[in-house]
Structure formats: C-alpha cells, structure tokens
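Please open the model in the viewer and keep the sequence panel at hand. The stops below are given in the order in which they may be selected.

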Amino acid sequence: MAISISIDYKERFKMSQSLLNSLPIHQNLQTTVKLQNMILPNLDICTVEELYFRLNSKFPMNYEKNIIEINKSEVISFDTYFNSFSIQKWQEHTNIEAININLNVKGKFKISLLNINYSSQVKGLVHQKIITNTELKEVCVFQDVDIQPYKGLLYLEIEALEDNCIVAGGYFYANINNFCKSNQKIAIVICTYKRESYVYRNVSLLEKHLLSQPDIGNNFELFIIDNGRTIKDFYNSKIHVIPNKNAGGSGGYCRGIIEVLKRKSDFSHIVFMDDDVVINPEVFERIYNFQTVAHDQNLCLGGSMLRLDTKYIQHENGAVWNKEVTRLKPDLDLRNVKNILLNEIEEHLSYNGWWLFSFPVRSIDDSKLPYPFFIKMDDMEFPIRLNHKIITLNGVCVWHEALENKYSPMMNYYLKKNELILNVIASDDFSKVDAIKRIIKFTLREAFCYKYQSANIILKAAADFLKGPRHLTEIDPEEKNREIRSMGEKSVKNTELPFMYIKYEESVNKLENTIHRWLRFITLNGHLLPSRFFYQDIKLTGQGYKVVPMQDYRPTNVFRARKALYYNLINQEGFVVSFSRGEFFKVLLKTISLSLKIYLKFSKLKQDYRETLPELTNREFWESYLEINKYSKQS
C-alpha cells in the first residue's frame with residue numbers, strides 16, 4: 001500500500017512502505033494493511049482546522065510546508081472529524097483486532113493515545129509514550145493496540161516537550177495474520193453535464209494525489225460519463241472519458257456501470273461521485289482500505305455531504321426512505337466532538353446520495369441497473385432495490401453546494417413524478433389516497449403561495465405519472481427537460497429586482513397563531529377573500545408587496561399581499577409573482593381532475609410500474625435507450 005499522509009506532502013513518505021515492510025513479522029504470515037491516514041488542512045480543499053486538529057496555541061499551521069510547528073508545553077489533539085479513529089465500525093465490520101500508529105515528527109514529545117466513548121463522553125488514557133526524533137521522519141509510536149475493549153473514538157494527543165517541534169501527519173495500520181487479499185480495485189464514476197471546470201479541477205486532484213501514487217494509485221480507475229459531450233480526453237490510461245446521451249444522472253451513472261461490467265473481473269467496487277463537489281483524494285483511499293478488510297462483501301459505504309459554504313456543517317449522514325425522505329444527523333457542527341461521536345452511532349440507512357456512494361460490483365449484473373428517472377430519486381431507488389447494508393465513516397465525505405442554493409421550480413417536476421413512481425415500486429402500503437394527498441398538498445401549497453406556474457409543473461408531473469412506465473421510454477429526455485424548464489417561474493440576476501432585506505427578514509421570522517392559520521386555510525390563503533381585505537399598497541415599502549425566501553417559504557408569507565418577490569439571498573436572484581384568483585382556480589380544478597384520474601387508475605398503474613421494473617433496469621433496454629452504439633462511434 002502507498003503511504004499517503006496529506007495531499008501536499010505525500011512525496012515525503014514514499015519511504016514508508018519499506019518501513020512498514022521492515023516491521024517485525026511473527027510466526028504466522030502477516031500482511032500489513034493501511035487503515036487511515038492522518039491528514040492536515042489544505043488551501044485547495046478545506047482550511048477549517050478544527051476538522052483536522054485542535055491546538056492550544058495562537059500560532060496557526062504552516063500551510064506552505066504543510067506542517068504544524070509547536071513549542072514546549074503546546075498540545076495538539078486529533079479528536080477530530082478527519083483524524084479520530086472509528087473503533088466500533090472497524091470492530092463490527094472488519095477483521096481488524098489491533099492497530100499500530102506511525103507519526104512523522106521532529107522533536108521531543110509526549111504522545112498519548114486516548115479513547116472517548118459516545119455514551120459517557122469521558123476521555124480515557126489507553127497508552128502513553130515519550131519519543132525523540134532529531135530529524136523529521138517516521139516513527140512507530142504504538143504497536144499492537146487491542147481495540148476490542150473500546151467504543152467510540154481513538155485519537156492521539158501530542159505534547160511538545162521542547163521548542164521548535166514539528167508534526168507532519170501519520171497513519172493507522174494493522175498487521176493481519178493469514179490475510180488473503182482478493183482482487184480489490186475501485187472504479188470511480190463521475191457523471192457530468194457541461195460542468196467542465198468542476199471536472200477538470202477534481203480530475204487534476206485525483207490524478208496528482210491518488211492515481212499517480214505508488215501502489216495505491218493502481219487500485220483505481222476513473223470513468224467520466226460526459227452527458228454534455230464537452231470534456232476532452234485525458235492522457236492517462238486510468239482515466240476514461242465516455243461521451244453519453246443526456247439521459248440525466250440515472251442515464252449517466254448507468255452508463256458508468258455498463259462500462260465497468262464490460263470488465264467486471266477487474267473491479268471489486270464502484271464509487272459514484274457528483275461532478276460539482278470538493279473532495280479530498282484521501283477519501284478514496286479510506287474507502288479502499290475499509291472495503292479491503294470488510295467482513296461483508298456486499299457492504300456499501302456512503303459519504304456524508306458537508307456544506308460548501310459552511311464547511312464544518314454536515315448536511316446529512318445518510319438518509320431513510322419511508323414514503324418520504326428523512327435526513328440522518330442533519331446540520332451537525334463537526335468541529336464539536338459530541339457531534340463526531342453522534343456520527344459514530346449506526347442507524348438504518350435506506351440509501352446514501354450519489355454525491356459519494358460505494359457499492360460492490362458483485363451485487364450488480366445486466367439485470368440490476370438503475371431506473372430511468374433522468375434526475376432525482378435515482379440515488380434512492382437503486383440502493384433500496386440492492387437492499388445491502390450501508391454504513392458511513394467519519395472523514396468520508398464531500399463538500400457540496402447547499403441544496404437550497406440550487407433550487408429551481410423545474411426540480412419539482414422530477415421530484416414529485418419520481419417520488420410517486422418510487423412509492424408505487426418500493427412501498428407496498430402506498431395507496432391511491434396517499435398519492436392523491438401528495439398531489440393536493442404540494443400543488444395547493446404552490447398555488448397558495450401565488451406560484452401558479454410551479455403548481456402547474458407539479459400537475460404536469462402527476463399527469464406524466466398517469467401515462468405509465470412506457471412513457472419514460474418513449475420520450476426524448478433532453479426534449480422533455482427543455483419543456484419542463486420552460487414552464488416554471490424564471491429566476492433572474494438583476495440589480496433592479498425590488499429587494500429589501502428588512503422585508504426578507506420579516507418573512508423568515510413571521511409567526512402566526514392557530515386562529516390566523518385556520519383563517520388562511522378556510523379562505524384558501526386569501527383566494528376566497530374579497531379584494532377589500534387585501535393590502536392595496538404594492539410599492540417596495542408597502543404591505544401589499546412581500547419579499548419571501550426562495551426556500552422554506554410558507555403561505556403565510558404572502559397572505560393578503562398583491563405581489564411577492566421570491567429571493568435567493570446567496571445567489572442574489574429571484575422572481576416576482578402576483579396574486580391571481582383566476583390562475584388559482586384553474587390550478588384547483590386541474591388538481592381535482594387529476595386526483596379523480598389517479599383514484600380510478602392507481603391500482604392498474606401500480607401493477608404496470610412493478611411489472612415493467614425488470615424490463616427498465618436491464619442492460620438491453622439501457623443500451624438501446626442510451627444509443628450506446630451511436631455515441632461510441634462518435635468517441
């Protein structure tokens with residue numbers, strides 16, 4: 001295995017393999033297996049130091065040299081998201097029983113190995129050692145530490161016993177007796193559509209700090225599925241650019257699976273990754289290391305999503321689907337040890353977003369491919385159908401733009417249509433009443449908020465759901481996407497948009513009592529109120545004009561107003577809507593009509609969607625649908 005400490009100083013540790021190989025070998029044949037690198041923050045990826053280490057000093061890390069310099073009595077603690085060791089998950093899911101720890105340091109130190117349990121959250125000393133290194137080099141600080149007695153996290157605490165000490169990372173590893181390593185190679189699949197800058201940036205990082213690394217780099221290949229057909233080839237035999245029909249994320253990732261299946265014996269796992277994320281290449285090494293020693297050959301690993309705008313906030317750590325989505329461990333501040341420990345508690349995961357998701361190649365074949373959803377819900381339906389155990393690990397994550405910043409009315413079409421399809425496929429107890437409730441709830445919510453175009457998009461989703469599964473195969477997905485994009489309200493970036501922050505804040509903080517809520521409800525959020533009850537002043541400062549957040553908007557925000565600006569504070573863009581009794585009742589009548597059709601056709605529809613599932617998830621269908629022969633010739 002290659003030794004990889006941090007993406008900026010990996011070269012310093014090329015000698016580490018020889019050090020690992022020179023460690024004592026006992027009577028049984030032993031194999032040294034890397035488990036986890038201790039990494040440092042990096043200017044290109046993340047500089048939130050509390051995610052990597054804690055230092056009782058005012059002096060920051062040396063980013064130019066990628067080292068931490070400390071003086072006498074200063075202490076570095078690695079009880080952090082990226083550098084603590086998840087004992088229980090290694091105990092339960094792998095054959096690791098004892099660990100060793102190497103550090104790359106210079107100076108005299110007191111090194112403490114500590115344990116903290118999520119139940120008591122009391123720190124306990126496991127081992128302690130004094131070491132002295134006169135030059136910056138690797139040293140083994142702890143050997144054969146039995147991890148079985150411990151729960152929660154293991155981590156190092158390093159105290160300098162003299163001035164001018166240097167810490168430059170380290171790693172955890174294990175010596176395994178009679179270890180037989182099967183073919184272990186990972187295919188990283190990225191689906192992209194005209195996001196060249198993101199792709200080139202991530203490929204550059206992966207090429208430099210993963211694919212080119214001795215030993216470990218040979219365990220990965222990268223498949224870029226180019227739905228926009230705009231990515232240039234890379235002069236690297238480990239990077240494959242595949243031009244593809246724009247059949248959305250499901251079509252792109254499915255094409256990636258098909259390419260991997262052509263060489264199924266070469267790969268043990270596939271990792272799906274979004275094109276527009278920020279990622280540390282160390283993540284892939286951690287996935288590889290864990291899967292190498294995992295008991296369950298069907299085990300899947302999910303990556304947490306952290307917010308790109310607030311890099312220490314976790315958006316979610318896996319999710320549950322039970323007719324609707326429940327994010328797990330949402331909005332945690334990962335600088336807090338308590339939250340890192342909370343992440344250690346395993347929960348049932350139905351799925352993990354395809355921003356980072358690893359699954360075994362052995363669990364798929366030509367008849368177990370994704371469903372043709374285009375976008376949205378594909379990353380839910382596929383893992384639910386695989387029905388494999390999914391776990392997450394601290395430090396295995398991506399940074400992704402906050403989902404609320406990517407809001408578009410168009411997304412409601414795919415969300416609501418595919419949600420209905422997923423429910424009829426995967427939920428035995430999803431009834432016609434459930435389906436009707438959802439259509440009414442989401443359509444009227446949009447209409448209550450004067451977003452009549454968005455309401456019509458949801459009605460279009462319901463109408464297309466009623467056309468049955470064959471409709472998915474008969475449409476041109478790119479043409480359908482253009483149609484849907486033309487239907488919704490159009491956000492514009494315009495410095496002349498009539499925006500006032502005080503009115504935006506007023507909407508965010510608006511409260512209402514039960515009487516007010518019932519008044520809104522029985523008047524259909526004002527659409528049954530006579531005009532004299534509405535605010536008449538629609539000037540920027542008037543009560544008849546509201547400013548509403550693009551996400552987390554509520555009908556109460558626009559009640560009795562004449563106009564409203566929906567505004568994205570981050571992107572500084574938005575659109576204006578106006579109250580219309582006529583548009584509202586058109587939406588209401590369509591909603592009633594579609595609800596009746598769903599009531600009458602639901603049982604047959606549910607049967608059709610279920611019976612055609614094998615047909616729409618097999619290789620023959622997908623090769624025809626993606627016109628693979630056509631696009632292969634173009635490449």
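Select helix α7 and colour Asp378, Asp379, Met380, Glu381, Phe382, Pro383 and Leu386, for these are its buried residues in this predicted model. The helix covers residues 378–386, and seven of its nine residues are buried, so that α7 is mostly covered.

Extend the selection by one residue in each direction. After α7 comes Asn387, with a positive phi near 60°. On the other side, Met377 belongs to the loop between β20 (356–360) and α7. Its phi is likewise positive, near 75°, in a residue other than glycine. Is Met377 buried or exposed? Met377 has a relative accessible area of 6% and is therefore buried.

Keep Phe382 selected and add Tyr253, Phe272, Trp354, Phe357 and Phe359; ring pairs link these six residues into a cluster.

Move next to Asn164, in the loop that joins β8 (153–160) to β9 (165–177). Asn164 is not a glycine, yet its phi is positive, near 60°. Most residues other than glycine have a negative phi. Asn164 counts as exposed, because its relative accessibility is 63%.

Now display strands β6 (residues 98–116) and β7 (residues 123–146), which pair in the antiparallel sense over 17 bridges. Which residue of β7 stands opposite Phe109? The residue to select is Ile131. The hairpin has six residues between the two strands, and Gln121 there takes a positive phi near 55°.

The cysteines form the next stop. A disulfide is a covalent bond between the sulfur atoms of two cysteines. How many disulfides does the model contain? With sulfur atoms required to lie within 2.5 Å, the count is zero. Select Cys140 together with Cys165: the latter holds the cysteine sulfur closest to that of Cys140, but the separation is 19 Å, too far for a bond. Cys140 is partly exposed, at a relative accessible area of 23%. Then select Cys254 and Cys191. The sulfur of Cys191 is the closest cysteine sulfur to that of Cys254, yet at 11 Å it is too far for a bond. Cys254 is buried, with a relative accessible area of 0%.

For a view of the surface, select Trp518, Leu519, Phe521 and Ile522, which make a nonpolar patch of about 460 Å². Ile522 lies in helix α14 (residues 514–522). This residue counts as exposed, with a relative accessibility of 57%.

The last stop concerns aromatic rings, for which the count comes to 36 aromatic pairs. One of these is the stacked pair of Tyr501 and Tyr504, with 6.0 Å from centre to centre and 25° between the planes. Both residues lie in helix α13 (residues 501–508), three residues apart, about one turn of the helix. Because an α-helix has 3.6 residues a turn, residues three or four places apart point the same way. Tyr501 counts as partly exposed at 44% relative accessibility, whereas Tyr504 is buried at 12%.

Finish with Phe584 and Phe585. Their ring centres are 5.2 Å apart and their planes stand at 90°, so this pair is edge-to-face. Phe584 counts as buried, with 0% relative accessibility, while Phe585 is partly exposed, with a relative accessible area of 29%.

Key: Residues numbered from 1 in each chain as written. Predicted model: local features only at pLDDT ≥ 70, side-chain atom pairs only at ≥ 80, totals over all residues. Heavy atoms only, no water. Buried < 20%, exposed > 50% of the residue type's maximum accessible area, 1.4 Å probe, protein only. Helix = DSSP H or I, 4+ residues; strand = E, 2+ residues; numbered from the N terminus. Pairing = 2+ DSSP bridges. Patch = residues over 30% accessible without salt bridge, like charges linked within 9 Å, V, L, I, M, F, W, Y side chains within 5 Å. Areas by Shrake-Rupley, 256 points an atom, 1.4 Å probe, with all protein chains shown as cover. Salt bridge = Lys/Arg side-chain N within 4 Å of Asp/Glu carboxyl O. Phe/Tyr/Trp six-rings, centres within 6.5 Å; stacked < 30°, edge-to-face > 60°.
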